Amino acid sequence: MDPLDFLQSDHLLSDDERTIGQTVSDYAKAELAPYISDWYEAGKIPTEIIPALGKLGLLGMHLTGYGCANTTATAYGVACRELEAIDSGLRSLVSVQGSLAMFAIHRWGTEDHRQEWLPRMAAGEAIGCFGLTEAGAGSDPGSMRTHARLDGDDWILNGSKMWITSGTIADVAVVWAQTNQGIRGFVVPTDTPGFAAHEIGRKLSLRASVTAELALSDVRLPSTAVFPEVRGLKGPLSCLNEARYGILWGAVGAARACYCEALEYSLLRTQFGKPLAGFQLTQRKLVDMSIAVSNAALTAVQLGRLKDTHCITPEQISHGKLANVRSALEVARTARAVLGAAGITLDHSVMRHMNNLETVSTYEGTEEMHTLSIGRALTGIAAFR
Ligand code: TGC
Ligand code: FAD
């Protein structure tokens, strides 16, 4: 019996998927885990790790061609799980690179965009970010103010984007803007005059991740910079489906890590003459965590199979993101309680995960947005407005 996989959900994976999970886990435990609490405390993520992530095939992992690994969506999910078992910031880096920036270029870009950016991004030699949210337009991205207008053959972009992961380290930004033809996406090299990025400090969550504000001031782009076909919110939302899918797997990793730490700690720590694990109230916590982790893992595998057979719907992804992140947060809080005072320090992972999961619950659609998406699917009635 494996207490970390009580329902043996890993048996539902193929040999290849398990091998990929083991490879990522081995790498993450050796190269990332020893340093993560220092990075978190310092509020940084060293960019030197990005080429190593590329070498492992983790960047744009489930995309085809252009140097991407072309794995199953399930294998990509397993990789997200193993990265987020270390820290949500690491999974976030990979999500934004592969599922948002690279996916957007792969799905909606021209062949020239793909040739120019994807091979370098897959190798971790170029970094991407994805600018949708604005200070005044978060859950309601349709109300964005950033706009692009044609000046002869050129596009001129003005506006700003807020809370953009990897914004200050990016070589290329996918920026969504209002135009007179609806919302359109632009491929913006970050060395274009008029583009600036400023890091957002004083974060209490996702500290091992770069978060930035983008300022676009008369950024002049050639006519070829725009995604040619897609108009409207379905462009960015199609990318969010990809990233939300990775997140629902990542949450399993964070939850497992917290549960594992609480289980180990409860067996070692003695109070009132016996291990914490020997008290009924602690066993209740451990069992609740085990059930939450197992259910989240099964949800992830099922959604992976639906995605691999191209049957998955955005509302099913909302279900997975909402349910798994909510469960992971609950597990992290419970694990923190099991560790008592020790749980509040960076010597353990539980409170770092807990703080990270507050962001994970907010970005890529808040709990409320996913609740309303599922509610609309169940009832046929949209209650967003
Ligand atoms: P609505 O009228 O429902 O839809 C507008 C158009 O979009 C289509 N659509 C989708 N297409 C693909 N996938 C989806 N999930 C879609 N949802 C909707 C829809 O069919 C329609 O198409 P068309 O052709 O008719 O124009 O739009 P709405 O304005 O009512 O908003 C819907 C809502 C609230 C669900 C949506 O705006 C939303 O999801 N809001 C949350 C915003 C969000 O998640 N932002 C994330 C920013 S990126 C980020 O956080 C990165 S974090 C870093 C990391 O991942 O690590
Ligand atoms: P708001 O939309 O202002 O919502 C505030 C609260 O009101 C939430 O609880 C929300 O659910 C609730 N609410 C809003 N509307 C309704 C309603 N109709 N009914 C009920 N409740 C409602 N964005 C990007 O584009 N790219 C990125 O790379 C990126 N990275 C991020 C990294 C971090 C660390 C963080 C924190 C955010 C990031 N985001 C990114 C932004 C993220 O997607 C937004 O924060 C998120 O979409 C929520 O928007 P908001 O923060 O403006 O909250």
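# Exercises on cores, ligand sites and cysteines

Tryptophan 249 touches Leu13, Thr74, Gly77, Val78, Cys80, Arg81, Ala300, Val301 and Gly304, leaving out residues up to four places away in sequence; contact means heavy atoms within 4.5 Å. The model is predicted, local features need pLDDT of at least 70, side-chain atom pairs count only at pLDDT 80 or more, and totals for chains, interfaces and linings use all residues. Residues are numbered from 1 along each chain as its sequence is written, chains are lettered from A and ligands numbered from 1 in the order in which they are written, and side-chain values use heavy atoms, with hydrogens and water left out.

## Exercise 1

Task: state which residues have the most contacts inside the largest nonpolar core, and which helix gives the largest share of this core.

Solution. Step 1: apply the definition. A nonpolar core is a set of buried Ala, Val, Leu, Ile, Met, Phe, Trp, Tyr and Cys residues joined through side-chain atoms within 4.5 Å. Buried means under 20% relative accessible area, exposed over 50%, and partly exposed in between, with a 1.4 Å probe and protein chains only.

Step 2: read off the core. The largest one has 69 residues, and those with the most contacts inside it are Leu32, Ile49, Leu53, Phe130, Trp176, Phe227 and Trp249. Helix H4 (residues 88–108) supplies the largest share, 11 residues. Helices (H or I, at least four residues) and strands (E, at least two) are DSSP runs, numbered from the N terminus.

Step 3: look for another core. A second, separate core of 29 residues includes Leu206, Tyr259, Ala262 and Leu263. In soluble globular proteins, nonpolar side chains tend to be buried together.

## Exercise 2

Task: locate threonine 71 and decide whether it is buried or exposed.

Solution. Step 1: the loop between helix H2 (49–55) and helix H3 (73–84) holds threonine 71. Step 2: threonine 71 counts as buried because its relative accessible area is 17%. Step 3: with neighbours within four places in sequence set aside, threonine 71 is in contact with Ile20, Met61, His62 and Tyr76.

## Exercise 3

Task: describe the surroundings of ligand 1 and of ligand 2.

Solution. Step 1: take ligand 1. There are 27 residues around ligand 1, and Ser92, Asn241, Arg244, Glu364 and Gly365 come nearest; a residue is near if one of its heavy atoms lies within 4 Å.

Step 2: list polar contacts, here pairs of N or O atoms within 3.5 Å. Oxygen atoms of ligand 1 lie 3.2 Å from a polar side-chain atom of tyrosine 363, 2.8 Å from a backbone N or O atom of glycine 365 and 3.1 Å from a polar side-chain atom of arginine 376. Taken alone, ligand 1 exposes 1100 Å², of which the protein buries 74%; accessible areas come from the Shrake-Rupley method with a 1.4 Å probe.

Step 3: repeat for ligand 2. It is surrounded by 19 residues, the closest being Thr133, Ser139, Trp163, Thr366 and Glu368. A nitrogen atom of ligand 2 is 2.7 Å from a side-chain N or O atom of threonine 133. A polar side-chain atom of threonine 366 lies 2.6 Å from an oxygen atom of the ligand. On its own, ligand 2 has 980 Å² of accessible area, and the protein covers 67% of that.

## Exercise 4

Task: give the phi values and locations of serine 166 and glutamate 364.

Solution. Step 1: recall the background. Most residues other than glycine have a negative phi.

Step 2: serine 166, although not a glycine, has a positive phi of about 65 degrees. Serine 166 sits in the loop between strand E3 (154–165) and strand E4 (172–179) and is buried, at a relative accessible area of 2%.

Step 3: glutamate 364 is not a glycine either, and has a positive phi of about 60 degrees. Its loop runs between helix H9 (350–362) and helix H10 (367–379), and at 13% relative accessibility glutamate 364 counts as buried.

## Exercise 5

Task: state how many disulfides the whole structure has, and why cysteine 260 has no bond to cysteine 258.

Solution. Step 1: a disulfide is a pair of cysteine sulfur atoms within 2.5 Å. A search of the whole structure finds 0 disulfides.

Step 2: cysteine 129 is in no disulfide, and the nearest cysteine sulfur, in cysteine 239, is 13 Å away. Cysteine 129 is buried, with a relative accessible area of 0%.

Step 3: the closest cysteine sulfur to that of cysteine 260 is in cysteine 258, and there is no bond because 9.8 Å is too far. Cysteine 260 is partly exposed, at 22% relative accessible area.

Key:
A polar contact is a pair of N or O atoms within 3.5 Å; within protein, one must be able to donate a hydrogen and the other to accept it, and residues adjacent in sequence count only if both atoms are side-chain atoms.
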